[in-house]
Structures are given as structure tokens and as C-alpha cells.
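Morning, everyone. Please bring the structure up on your screens. I'll take it piece by piece.

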Amino acid sequence: MHYDVVVIGGGAGGIASAVGAAQTGARVLLVEQYPYLGGAATISSVLTLCGFFDQNGEQVVAGVGEQVLQRLRERGAYEEKTMGWTGNKIVLLDLETTKLVYDELVTEVDVLLHTTLIGATRVNDLVTEVELYHRGGRERVTAGAFIDASGDGALLAAAGAGVRIAPLGERQTSTLVCRFSGVAEDADLSRDGLRAAVAAYRRETGVDLVRDYGIAVHLPVTRDVIALLVDEQTDVLDAVALSRDEADARRQAWQYLDALRKHLPGWSAARLEETGPQLGIREGRHLLGREQITGRDVLGARKRPDVSIGRCGWPIEDHAGPGVTRYEPIDGHGWYDVPYGAICSADTANLWAAGRLTSSDDDAYASVRVMGTAFATGHAAGVAAAQYVDGHAHDVPAIRTELHRQHALA
Ligand SMILES: Cc1cc2nc3c(=O)[nH]c(=O)nc-3n(C[C@H](O)[C@H](O)[C@H](O)COP(=O)(O)OP(=O)(O)OC[C@H]3O[C@@H](n4cnc5c(N)ncnc54)[C@H](O)[C@@H]3O)c2cc1C
């Protein structure tokens, strides 16, 4: 098989990469290891889109991302919410509508689900081929340009491209998102309520649940509640550690159910509908880009109009350890520009990365990683990769012009 552009990973970054490349005229293959698209939203029940709006409520991501919001609106499954203690404006998702909308978005793209990237071939400073595995066996695919949107940096690692990996103790925690049914519409979901329930449970049982607050929201359509409470400080690049800690997270989920049923108003009939299905992984590898976004860029709301390929309006949200979250707002509660250099590999000319792989230091990563922004970086990576194959390599003004034609904000 040969394509213009191959995209690895079908989350927000990968979907936007694939659609952006196709809208620029490329023949695109999108590869996803799970049976549906959506990445963390659908495989880890992260059903809250952050990063479409800054903290003033201004929309900062459009383009392919806006196509997603539009399709949710058309299906009557669009719901915004401003979170009480952070003031962040988010979009709530219904799981099955989201899967459907993502399937519909990629009709101009060849999609291989159930298919895992297991290797890549590099010749000098170019990736030439990827090796894929699915139930039918192994398959090799060549392409002119490649995008790693795997979150994990699977293609970067396989292709021998530069990556940055923070020491384990400095990486953000992972969280097992729990979806509960049977929670009353007027149930207490507040930070203070959760804290009081966890404290009461500790007094009653002696069990010390580490996190005592986290996002808990009713979802559209099903009215289930997702709660982000079960933290694990695990090495997601070590299968032994991940297997052990994911099982521990499932054990904790039942303890939280017990605590909330007993001690939080409106939760007495709650049931644990689903965990995960996969542990929500915040941090593994990062792209070593031509440029790195820094915490100072984020906090200073740095504007880069000449090289901008997208905007990020999400504050620093650093899950620094189990139960610990540090928020720092962007100056003026506004947004900063994501520069083109942060999505292209420093050492591999036809390789880009999108979504949570975007090149950033630890503080900037805590901001740029959210799904709204992943739609923006993915969209730009797709346009850049398609133009590269068409003979316009790393031409930032041309990339920006095409992004604007496709209604992106950059
Ligand atoms: C617990 C938790 C809570 C979060 N809360 C929010 C939130 O409320 N709102 C928000 O916007 N963001 C949130 N985030 C951050 C956000 O979910 C991620 O940073 C975002 O999903 C990044 O998008 P992505 O496309 O880069 O990666 P992902 O969503 O991780 O998608 C990567 C995709 O690549 C696939 N893949 C990986 N390796 C391979 C391979 N070898 N072959 C084929 N496919 C592969 C994966 O299966 C996955 O589908 C949260 C993250 C976590 C973990």
C-alpha cells in the first residue's frame, strides 16, 4: 500500500490530521489500534472537550474542531458547561454520539481500525515505511509523509526520531475515569461535597482514598456521571507496571463508589457503569520539535502571528502527583499561539506530531495537551504533511494560508 500521508492514532490529534490532510488534497491512511476513533475521549471516557475556549469564553479552535462541534449540535448532543472552581468552559460529550460523529468526519480518508503500528523504516532523515499489525497479520505501508498522533510517540520511537521523556516522578499522573449511572440529576458533584464524602469514608473505614476532588459532571443524553478521581503514578511505557497499576485503579473505583453512595447526597442508587475502558494516560513521550513551547510562552499569552498554526487557551493544569492538581492561568485568561516548529520533528524531515506529543516543556505540556488544542495541532500537521508531499516543504506562510482557507484559527 502507498499513501501520500499516513497518520498513526485516531484521537483528536489524529482525526484532525487525517481530515486536514485530506481537505488539502492528499490520499490519507489513518491507523488506530482500537475498534473506534476518539482516543482518550472514547477509550478512556474523557468525555469533556477542553481547549475550544479560553477562560474569557472566546473560541480559540475552529477548522476541523469546529466541524466536530457542528456535528454534535446537529445531533442534539452538544452541551457546554463552565466549571465552578476553575471557570473553564468545556464541551460535554455523549460516548456513542462521539464515536458516530468521528466515523462520519473521516469519510474522505482510508481508516484501519484494530491495527497497531509496530515498526518503521528510516532512510537518512526520512521515514519511508511503517509496519502495521492486525488480525490478518503484518503489513507494510509506504508514504511521502507521516504524522504521529499516537499520544504515546509510537511512531517517533519506531522511526528513531528525537523524543523527550520526563523522569517518572516528574510525569503527570494517569487517571482511571469512572462512569456512574443512577446518580440523581440534583446530586452533589461539588468539590466540597466530594472532599467531605472522602473524609467521612476515611473516618468510617480507615481507607485513605488519595484524591478527594476532581471533575464530576453529568453527560448529555445518558445523564451518566463521569468522575476523575482514581489517580495512578505509573510508568505507561512499562507494561508490567501499567498492568499492575491499572488493576489497582479498578479496585479503587469500587471504593469510590462505596464512599460516594454512602456519603454524598444524590448518590445512594449510583452504579459503576464502566471504568476506562483504558486507564487515562496523560504523559509518556514528547516530540523533540524544531521548537519547544515553554511555560513562559503559556503564562505570558505569547503571540506568534508569523509562525502560528493554532491557538491554545487552556491554562496550566498539572497533575503533579496522585491527588494533586496545580492550575495557573494564562495572562489575562487569554490564549497563546502554537508555533509551527512545535509540531515538526527536529531530525526527521517528513515527520510531524500532533496532540499531546506537541513539543513543549513540562509546564507548557500541562496546557497544550487538551483535546481542543489537539484538534488544532492535528489540523495543522495534516495540512503541512499534505503540502510537503505536494512539493511545498515546511512553507509556513502557505500552511497558514491553507489553514485559514479551512477556517482554522491561527
Ligand atoms: C485522565 C485524563 C483526563 C483528561 N481530561 C481532559 C479533559 O477533560 N478534556 C480534554 O480536552 N483533555 C483532557 N485530557 C487530555 C487529553 O485527553 C489528551 O491529551 C488528548 O486526548 C490528546 O489527544 P491525542 O489525539 O494526542 O491522543 P489520544 O487521545 O491519546 O489518542 C491517541 C490514539 O492513538 C492510538 N494509538 C496509540 N498507539 C498506537 C499504535 N501503536 N498504533 C495505532 N494506534 C495507536 C490510541 O489508541 C489512541 O486512540 C485528559 C487526559 C487524561 C489522561
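I'll go through the domains, then the ligand shell, then the helix pairs, then two backbone details.

A word on status: this is a predicted model.

Domains. The assignment splits the protein chain into two parts. Domain 1 is 2–167 + 283–405. Domain 2 is 174–275. So much for the bounds. How far apart are the C-alpha centres of domain 1 and domain 2? They lie 28 Å apart. The two domains touch, with 17 residues from domain 1 and 18 residues from domain 2 in the contact. Look at the domain 1 side of that contact. It has seven nonpolar, seven polar and three charged residues.

Now the ligand. There are 40 residues around the ligand. Which of them come nearest? Gly-9, Gly-11, Gly-39, Gly-280 and Gly-355. Next, the elements that give two or more residues to this shell. The helices are H1 at 12–23, H2 at 40–43, and H10. The strands are S3 at 48–49, S7 at 116–123 and S11 at 174–181. By class, the shell holds 18 nonpolar, 17 polar and five charged residues. Domain 1 and domain 2 each supply at least three residues to the shell.

Helix pairs next. H1 and H10 both came up in the ligand shell. They also pack on each other, at an angle of about 35°, with axes 6 Å apart. Their crossing is right-handed. On H1, the contact includes Ala-12, Gly-13, Gly-14, Ile-15 and Ala-16. On H10, it includes Met-371, Ala-374, Phe-375, Gly-378 and Gly-382. How many residues of each class are in the contact of H1 with H10? There are 13 nonpolar and eight polar residues, and no charged ones.

Stay on H10, residues 371–389, and turn to H11, residues 396–405. The axes of H10 and H11 come within 10 Å and cross at roughly 120°. That angle makes the pair oblique, because roughly perpendicular covers 65 to 115 degrees. The crossing of H10 and H11 is right-handed. H10 brings His-379, Ala-380, Val-383, Ala-384 and Gln-387 to the contact. H11 brings Ala-398, Ile-399, Glu-402 and Leu-403. The class split is six nonpolar, two polar and one charged. Note that His-379 and Val-383 appear in the H1 contact and in the H11 contact.

Third pair: H6, residues 191–205, and H7, residues 239–263. Their axes come within 9 Å and cross at roughly 105°. H6 is therefore roughly perpendicular to H7. H6 contributes Ala-197, Val-198, Ala-200 and Tyr-201. H7 contributes Ala-259, Leu-260, Lys-262 and His-263. By class, the contact of H6 with H7 has six nonpolar residues, one polar and one charged.

Last, the backbone. Which two residues does a cis peptide bond join? Gly-276 and Pro-277, with omega at about 10°. Pro-277 sits in the loop between strand S14, 271–275, and strand S15, 285–287. The other detail is Ser-45. Its phi is near 55°, a positive value in a residue other than glycine. Ser-45 is in the loop between H2 and S3. Both H2 and S3 were on the list of shell elements.

That's my run-through. Over to you.

Key. Residues are numbered from 1 along each chain as its sequence is written. This is a predicted model: local features need pLDDT of at least 70, side-chain atom pairs count only at pLDDT 80 or more; totals for chains, interfaces and linings use all residues. Domain bounds come from an automatic or database domain assignment. Two residues are in contact if their C-beta atoms, placed from the backbone, lie within 7 Å. Ala, Val, Leu, Ile, Met, Phe, Trp, Tyr, Cys and Pro count as nonpolar, Asp, Glu, Lys and Arg as charged, and the others, Gly among them, as polar. Axes are lines fitted to C-alpha atoms, for helices over the stretch in contact, and angles run from 0 to 180 degrees between N-to-C directions. Helices (H or I, at least four residues) and strands (E, at least two) are DSSP runs, numbered from the N terminus. Angles under 35 degrees count as roughly parallel, over 145 as roughly antiparallel, 65 to 115 as roughly perpendicular and the rest as oblique. A crossing is left-handed if the near helix is turned anticlockwise from the far one by less than a right angle, and right-handed if clockwise. A residue is near a molecule or strand if its C-beta atom, placed from the backbone, lies within 6 Å of it.
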